[in-house]
Amino acid sequence: GLRAVEVAQSDIDRYLEIIEMRVEGRCTGARWMLESLAGMKGKGRTSERMAALTAGMVKRQRSGKSCHEWEPARLEEAGGLKFNYTLVDQFMTTDLFTVHEDELVDLAAFLMDRKQIRHVLVEDHNHKLVGIVSYRSLVRLLAQRGLQDAGSSVPVKDIMEANPITITPETLSVDAIQLMREKRVSALPVIKNEKLVGVITEMDFLDLASDLLSERLQVKEDSGE
């Protein structure tokens with residue numbers, strides 16, 4: 001068919017050979033991405049894995065080789081902590097669980113237990129952030145009212161921290177850490193254009209500190225120190 005429309009034989013050989021090799025190797029660009037992500041499973045955060053995938057793709061495209069010849073992308077290609085944790089929006093939690101201010105505390109407690117989280121964000125009827133409930137608030141309520149009464153008839157607005165301190169996605173990670181220290185808070189909701197888009201908690205920074213420590217120790221080990 002290509003010869004019938006007078007395509008040069010060299011072009012026919014080049015492009016059909018690539019297709020042939022992809023078929024034999026059962027590898028396409030999509031397959032390469034899926035296999036690369038599978039190889040990075042359990043490593044880093046989603047944003048870091050996606051950055052590694054993009055960086056790896058660009059690097060391999062520049063080599064001039066077809067995707068069936070590419071090695072899988074590696075997490076190290078994301079650039080490390082400096083390139084992936086500088087801003088809050090690079091690693092904030094975006095899978096959010098919220099409650100309404102008039103709902104019972106029982107619901108907030110249920111979400112914390114089921115989702116293994118320590119903070120639940122509170123919205124009003126217009127879906128605007130109005131507060132935050134922490135596990136400490138629940139413990140305080142339990143201590144004050146006892147096991148039988150705690151949460152069974154208490155609305156969220158009675159124990160939430162109203163008008164919590166917020167940050168934007170563009171906030172520097174170091175500034176967020178400093179703000180949490182100064183204000184003695186364990187979570188910072190992230191707001192963009194007056195809408196709730198994420199949350200940063202002390203656990204996120206604990207994970208970050210763990211990654212940083214592991215990276216530093218590995219560098220020292222590799223250097224023989």
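Which residues does Ser173 touch, not counting residues up to four places away in sequence? In this predicted model, the residues concerned are Tyr85, Thr86, Leu87, Val88, Phe91 and Phe205. Ser173 belongs to helix α7, and this residue is buried, its relative accessible area being 5%. The setting of this residue is described below, after an outline of the chain and an account of further sites.

The chain contains 8 helices and 6 strands. Read from the N terminus, the order of these elements is α-α-α-α-β-α-β-β-α-β-α-β-β-α. The chain has 225 residues, of which 34% are buried. Contacts between residues at least 6 apart in sequence were also examined: 56% of these contacts join residues at least 24 apart.

The packing of two helices is considered next. Helix α2 comprises residues 29–39 and helix α3 comprises residues 46–62. Their axes come within 10 Å and cross at roughly 135°. The arrangement of α2 relative to α3 is therefore oblique. In handedness, the crossing of α2 with α3 is right-handed. On the α2 side, the contact is made by Trp32, Met33, Ser36 and Leu37. The residues of α3 that meet them are Arg49, Met50, Leu53, Gly56, Met57 and Arg60. By character, the residues of this contact comprise 6 nonpolar, 2 polar and 2 charged.

Two of the α3 residues named above, Gly56 and Arg60, also appear among the contacts of Glu77. Glu77 is located in the loop that connects α3 with α4, the latter spanning 81–84. With a relative accessible area of 14%, Glu77 falls below the 20% limit and therefore counts as buried. When neighbours within four places in sequence are left aside, the residues in contact with Glu77 are Ala52, Ala55, Gly56, Lys59, Arg60 and Pro72. The side chain of Glu77 forms a polar contact of 2.9 Å with the side chain of Arg60. A polar atom of the Glu77 side chain also lies 2.8 Å from the backbone nitrogen of Arg74. In addition, the C-alpha atom of Glu77 is separated by 7.8 Å from that of Ala51, a residue 26 positions away along the chain.

Helix α7, which holds Ser173, also includes Ile177. Whereas Ser173 is buried at 5% relative accessible area, Ile177 is partly exposed, with a value of 27%. Ile177 and Ile200 are 23 residues apart along the chain, and a distance of 9.7 Å separates their C-alpha atoms.

Asp204 is placed in helix α8, which covers residues 202–223. The relative accessible area of Asp204 is 6%, and this residue is buried. Apart from neighbours within four places in sequence, Asp204 is in contact with Arg45, Phe91, Thr93 and Val199. Of these, Phe91 is also one of the residues touched by Ser173.

A further helical site is Asp106, which lies in α5, residues 105–115. Asp106 is partly exposed, at 40% relative accessibility. Its C-alpha atom and that of Leu138, 32 residues apart along the chain, are separated by 9.5 Å.

Positive backbone phi values were found at two loop residues that are not glycine, Asn163 and Glu194. For Asn163, phi is near 50°. This residue occupies the loop between β4, residues 161–162, and α7, residues 173–183. Asn163 has a relative accessible area of 66% and is exposed. For Glu194, phi is about 65°. The loop that holds Glu194 runs between β5, residues 187–192, and β6, residues 195–201. Glu194 is likewise exposed, at 61% relative accessibility.

Notes: Residues are numbered from 1 along each chain as its sequence is written. This is a predicted model: local features need pLDDT of at least 70, side-chain atom pairs count only at pLDDT 80 or more; totals for chains, interfaces and linings use all residues. Side-chain values use heavy atoms; hydrogens and water are left out. Axes are lines fitted to C-alpha atoms, for helices over the stretch in contact, and angles run from 0 to 180 degrees between N-to-C directions. Helices (H or I, at least four residues) and strands (E, at least two) are DSSP runs, numbered from the N terminus. Angles under 35 degrees count as roughly parallel, over 145 as roughly antiparallel, 65 to 115 as roughly perpendicular and the rest as oblique. A crossing is left-handed if the near helix is turned anticlockwise from the far one by less than a right angle, and right-handed if clockwise. Contact means heavy atoms within 4.5 Å. Ala, Val, Leu, Ile, Met, Phe, Trp, Tyr, Cys and Pro count as nonpolar, Asp, Glu, Lys and Arg as charged, and the others, Gly among them, as polar. Buried means under 20% relative accessible area, exposed over 50%, partly exposed in between (1.4 Å probe, protein chains only). A polar contact is a pair of N or O atoms within 3.5 Å; within protein, one must be able to donate a hydrogen and the other to accept it, and residues adjacent in sequence count only if both atoms are side-chain atoms.
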